[in-house]
Amino acid sequence: MIQIEGNKCDFCGCCVGVCPVDCIEVMESNIEIDDEICIDCDLCVFICPIDVLSNVATEAV
Ligand code: SF4
Ligand code: SF4
């Protein structure tokens with residue numbers, strides 16, 4: 001599951017473009033990830049230039 005540090009996000013939209021299952025939605029001042037659809041591939045975590053996203057499941061291991 002991807003955790004969002006919403007107050008850090010600058011809504012650049014980079015993460016939206018890499019998600020293979022299209023479950024990230026970035027609006028003008030809001031970002032949402034649909035956990036039901038997310039496959040935990042971590043691509044969004046790697047692409048985010050300012051480390052807004054983290055995979056909670058991965059960190060727990
Ligand atoms: S790539 Fe990072 S900063 Fe850009 S919209 Fe996604 S979470 Fe926000
Ligand atoms: S971990 Fe993968 S599937 Fe989940 S939101 Fe990020 S890019 Fe999309």
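Hi everyone, let me start in helix α2, where Cys 44 is found; helices here are DSSP runs of H or I with at least four residues, strands are runs of E with at least two, and both are numbered from the N terminus. Before going on, a word on the basis: this is a predicted model, in which local features need pLDDT of at least 70 and side-chain atom pairs count only at pLDDT 80 or more, while totals for chains, interfaces and linings use all residues. Residues are numbered from 1 along each chain as its sequence is written, chains are lettered from A and ligands numbered from 1 in the order in which they are written, and side-chain values use heavy atoms, with hydrogens and water left out.

Back to our cysteine. Is Cys 44 buried or exposed? Cys 44 is buried because its relative accessible area is 8%; buried means under 20%, exposed means over 50%, and partly exposed is in between, using a 1.4 Å probe and protein chains only. Setting aside residues up to four places away in sequence, Cys 44 touches Ile 2, Cys 15, Val 18, Ile 24 and Leu 53, where contact means heavy atoms within 4.5 Å. Cys 44 also sits 6.4 Å from Cys 19, C-alpha to C-alpha, with their positions 25 residues apart in sequence.

That leads to the core. The largest nonpolar core has 14 residues, and Cys 44 is among those with the most contacts inside it, along with Ile 2, Cys 15, Ile 24, Ile 31, Ile 33 and Leu 53. At least two residues of this core come from β3 (30-33), and at least two from α2 (43-47). For the definition, such a core is a set of buried Ala, Val, Leu, Ile, Met, Phe, Trp, Tyr and Cys residues joined through side-chain atoms within 4.5 Å.

Staying in helix α2, we also find Ile 47. Ile 47 counts as partly exposed because its relative accessibility is 38%. Outside its neighbours up to four places away in sequence, Ile 47 touches Cys 14, Cys 15 and Val 18. Gly 13 is 34 residues from Ile 47 in sequence, and their C-alpha atoms are 10 Å apart.

Now the ligands. Which residues come nearest to ligand 1? Of the 14 residues around ligand 1, the nearest are Cys 9, Asp 10, Cys 12, Cys 15 and Cys 48; a residue counts as near if one of its heavy atoms lies within 4 Å. By class, that shell has twelve nonpolar, one polar and one charged residues. The classes put Ala, Val, Leu, Ile, Met, Phe, Trp, Tyr, Cys and Pro under nonpolar, Asp, Glu, Lys and Arg under charged, and the others, Gly among them, under polar. Ligand 2 is surrounded by 13 residues, and the closest are Cys 19, Cys 38, Cys 41, Asp 42 and our friend Cys 44. The shell of ligand 2 has eleven nonpolar, no polar and two charged residues.

Asp 42 comes up again when we look at strand β4 (residues 53-55), where Asn 55 is found. Asn 55 counts as buried because its relative accessibility is 5%. The side chain of Asn 55 makes a polar contact of 2.5 Å with that of Asp 42 and another of 3.3 Å with that of Asp 40. A polar contact is a pair of N or O atoms within 3.5 Å; within protein, one must be able to donate a hydrogen and the other to accept it, and residues adjacent in sequence count only if both atoms are side-chain atoms. Leaving aside neighbours within four places in sequence, the contacts of Asn 55 also include Met 1, Ile 2 and Val 45.

On to backbone angles. Most residues other than glycine have a negative phi. Asp 40, in the loop between β3 and α2, has a positive phi near 55°. Asp 51, in the loop between α2 and β4, has a positive phi of about 55° as well. Asp 51 is exposed because its relative accessible area is 53%, whereas Asp 40, at 35%, is partly exposed.

Asp 34 is also placed in the loop between β3 and α2. A polar atom of the Asp 34 side chain lies 3.0 Å from the backbone nitrogen of Glu 36.

Last stop: how many salt bridges does the structure hold? There is one, and Glu 5 forms it with Lys 8, with the closest N and O atoms 3.8 Å apart. The criterion is a side-chain nitrogen of Lys or Arg within 4 Å of a carboxyl oxygen of Asp or Glu. Thanks, everyone!
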